[in-house]
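Dear colleague,

Please find below the structure that I am handing over to you, together with its sequence. My notes on its salt bridges follow directly after it.

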Amino acid sequence: MIEPALLLRDGAILCVVLGGLVIGSFYWKPRMYLRDFPGDISESASPMTEAETRLSNGFGLLVVGIMVGIMVWSASEFGPERGVLLMILHAYLLFQIFNVFDVLMDWVLLARIDPAHPPIAGTEHAPGWRNYGFHAVKALKGSVLGLPVAALAGGFASFWQAMV
């Protein structure tokens, strides 16, 4: 059986850690998110430099690593005695908690951006700054992407617990 209290605790940890990293990095270096915005924004801005691309890729790996690490830790806490399929389900539900949080965080960040004075030069008045649907669709795609990530995390947690 799924444990809602464990999911909420670990979901809150995941959201606070990754949410803090994402919000902080967005205010620090918003251009590293050019690939995550609607096309009109990324096309209006000057292309990412090599350094920005490296930073974006490295930061993306860090975020995914932390996410998977927390999912593995949480699935391990959930317990191998419940079986690998329930551990994968637990990891997927944890992923979904962050997925929903992420789209809400995107919407709040977008609502705070003044399209006449956006954080990325060259994107002034781009309609994408108010394209909330774009982020909702990305969240739906994330739901599908979360399946193999959860399978990896739950499977690794089960394997790890069997080795301990």
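Six salt bridges were counted in this structure, which is a predicted model. Three of the pairs are described here, each with the surroundings of its partners.

The pair R9 and D10 forms a salt bridge through its side chains, with an N to O distance of 2.7 Å. The two partners differ in burial: D10 is buried, at a relative accessible area of 0%, whereas R9 is partly exposed, at 39%.

R31 and E52 are likewise joined by a side-chain salt bridge, at 2.7 Å from N to O. R31 belongs to the loop between α1 (4-28) and α2 (39-44), while E52 sits in helix α3 (residues 50-78); the pair therefore ties together parts that are 21 residues apart in sequence. R31 has a relative accessible area of 17% and counts as buried, because the cut-off for that class is under 20%.

The third pair is R82 and E81, whose side chains meet in a salt bridge with an N to O distance of 4.0 Å. This value is at the limit of the criterion, because a salt bridge requires the nitrogen to be within 4 Å of the carboxyl oxygen. E81 is exposed, with a relative accessible area of 63%, and R82 is partly exposed, with 28%. Through salt bridges with shared partners, E3, E81 and R82 are linked into one network.

With kind regards

Conventions:
Residues numbered from 1 in each chain as written. Predicted model: local features only at pLDDT ≥ 70, side-chain atom pairs only at ≥ 80, totals over all residues. Heavy atoms only, no water. Buried < 20%, exposed > 50% of the residue type's maximum accessible area, 1.4 Å probe, protein only. Helix = DSSP H or I, 4+ residues; strand = E, 2+ residues; numbered from the N terminus.
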